[in-house]
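Here's a quick walk through a structure, one question at a time. Take a look at it first, then read on.

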Amino acid sequence: PSVRARKGGSFRSSSAPWPDPIPGVIAFKSVTVFAGAPGVGKTTMMADWIQRWRTGRTICGHATNPAAAYYFIAADRSWASHQQWFNAVGYPDIPHYSVVNDPTFNSIDLLKPHEAPAQFARILDRLQPIPGSSVFIDPVAPIYIAGSTNDHRAVARSMVEFHVQTEQRQINLYLTAHFAKQRADPRELYARPQDRVSGTHAWQGFSDTIVYMVDPLPPQQPYTILGWAPHHAHAEDFAFVRDSATGLFIPYDVIREDESSAYILDSFNETGPTDLSLIRDRVLLQHGYSRATVTRALARLLLDGRICKTGRGKYQRVKVH
């Protein structure tokens with residue numbers, strides 16, 4: 001059946017079907033909460049995701065479907081703070097709205113939390129997201145929450161309002177939220193990362209998917225964890241590190257494979273072929289890499305022409321002139 005989408009105070013009809021952004025993880029017309037501690041890199045990761053969607057690339061190894069368009073609402077800092085990441089990923093002209101850069105914004109409105117859903121709807125009216133598009137709000141709390149983030153009813157009401165917007169406008173919504181600090185008492189630690197979203201559990205109960213980012217904890221966890229917990233699929237975790245050159249996130253496995261590649265090359269006999277199982281065992285035992293990481297690194301070395309096969313189970317390092 002046709003669903004009406006709000007535009008400038010009126011409604012327009014849209015019956016065109018749109019695919020799920022990440023099948024099995026994020027559904028079309030859903031509300032996704034993207035949570036993490038301040039400064040963990042949520043804006044950076046979202047900018048990368050948006051560009052991946054636009055260019056048809058995978059996200060965390062999952063196939064993706066592009067939205068009709070993308071829009072970004074900056075609710076905390078000036079647009080310049082967000083612009084750098086969209087420049088870095090190659091999408092500098094994303095349609096956007098910034099509260100700080102809006103000369104008509106009245107800060108007195110922030111003292112009226114009960115009007116937060118209406119304020120958010122007015123911003124959407126200004127952006128005019130087309131049906132099938134994705135809208136990102138960074139961050140959604142506290143400005144667009146109708147009360148305290150610790151108030152279950154206030155957050156639930158706001159989340160329901162967001163769902164209403166996705167239905168009426170035929171869009172996807174992505175809301176960034178902050179993590180609470182990890183508790184000092186080891187007996188009171190959060191059981192799951194998604195439980196750390198600041199405030200009430202209504203964030204989880206009234207969203208479709210929780211995406212979370214957890215800061216590195218060296219030395220035992222030298223990487224940022226990104227994970228998701230959809231309501232109707234199993235949770236998954238992924239490891240990322242910052243690229244020192246661009247500031248963007250890259251999979252931790254890539255770094256590990258680059259490191260293991262160097263150890264693999266050092267494991268070859270200086271002259272003549274080397275048994276593959278011997279190379280694998282040396283790297284596994286001496287450096288603690290998983291068998292899957294070593295296998296991927298070997299495949300990359302073969303593809304790059306750094307090693308070659310000389311017989312059954314025998315490989316030799318190729319000299320680079």
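Q: Is Asp48 buried or exposed, going by its relative accessible area?
A: This is a predicted model, in which local features need pLDDT of at least 70 and side-chain atom pairs count only at pLDDT 80 or more, while totals for chains, interfaces and linings use all residues. Residues are numbered from 1 along each chain as its sequence is written, and side-chain values use heavy atoms, leaving out hydrogens and water. Buried means under 20% relative accessible area, exposed over 50%, and partly exposed in between (1.4 Å probe, protein chains only). Asp48 has a relative accessible area of 14%, so the word for it is buried.

Q: Which residue forms a salt bridge with Asp48?
A: A salt bridge here is a side-chain nitrogen of Lys or Arg within 4 Å of a carboxyl oxygen of Asp or Glu. The partner of Asp48 lies four residues apart from it in helix α1, about one turn of the helix. That partner counts as partly exposed, at 22% relative accessibility. The closest N and O atoms of the pair are 3.1 Å apart, and the partner is Arg52.

Q: How many of the 14 residues of α1 are buried?
A: Helices (H or I, at least four residues) and strands (E, at least two) are DSSP runs, numbered from the N terminus. Helix α1 covers residues 42–55 and reaches 20 Å from its first C-alpha to its last, close to the 20 Å expected at 1.5 Å a residue; the expected span is 1.5 Å times one less than the number of residues. Its buried residues include Lys42, Met45, Trp49 and Trp53. The helix is largely enclosed by the rest of the structure, because the buried count is eleven.

Q: Which residue forms a salt bridge with Lys314?
A: The closest N and O atoms in this salt bridge are 3.8 Å apart, and the partner of Lys314 is Asp275. The pair links distant parts of the chain, 39 residues apart, with Lys314 in strand β14 (residues 314–317) and its partner in strand β12 (residues 274–275). Lys314 is partly exposed, with a relative accessible area of 33%. At 27% relative accessibility, its partner also counts as partly exposed, and that partner is Asp275.

Q: Which residue caps the N-terminal end of α4?
A: Helix α4 (residues 152–169) has 18 residues, and its end C-alpha atoms are 26 Å apart, which agrees with the expected span. Among its buried residues are Ala154, Phe162 and Arg169, and the helix is followed by Gln170, whose phi is positive, near 60°. At the N-terminal end, a side-chain oxygen of the cap lies 3.0 Å from the backbone nitrogen of Arg153, and the capping residue is Asp151.

Q: Which are the edge strands of the open sheet?
A: Two strands pair if DSSP finds at least two bridges between them. Nine strands form the sheet in the order β5-β4-β6-β7-β3-β8-β9-β10-β11, with mixed pairing. Each edge strand pairs on one side only, and the two are β5 (96–98) and β11 (249–251).

Q: Which residue in β11 does Phe240 stand opposite?
A: Strands of a sheet pair through backbone hydrogen bonds, either parallel or antiparallel. Strand β10 (residues 236–242) and β11 pair in the antiparallel sense over three bridges. In β11, the residue opposite Phe240 is Pro251.

Q: How many residues of β6 are buried?
A: In a regular strand the side chains alternate between the two faces of the sheet. Both faces of β6 are covered, with Ser134, Phe136 and Asp138 buried on one side and Val135 and Ile137 buried on the other. The strand is mostly covered, and its buried count is five of five.

Q: Which residue in β7 does Ile137 stand opposite?
A: Five bridges join β4 to β6, which run parallel, and Ile73 stands opposite Ile137 there. β6 and β7 also pair in the parallel sense, over four bridges. In β7, the residue opposite Ile137 is Leu175.

Terms used
Polar contact = N/O pair within 3.5 Å; in protein donor to acceptor, adjacent residues only side chain to side chain.
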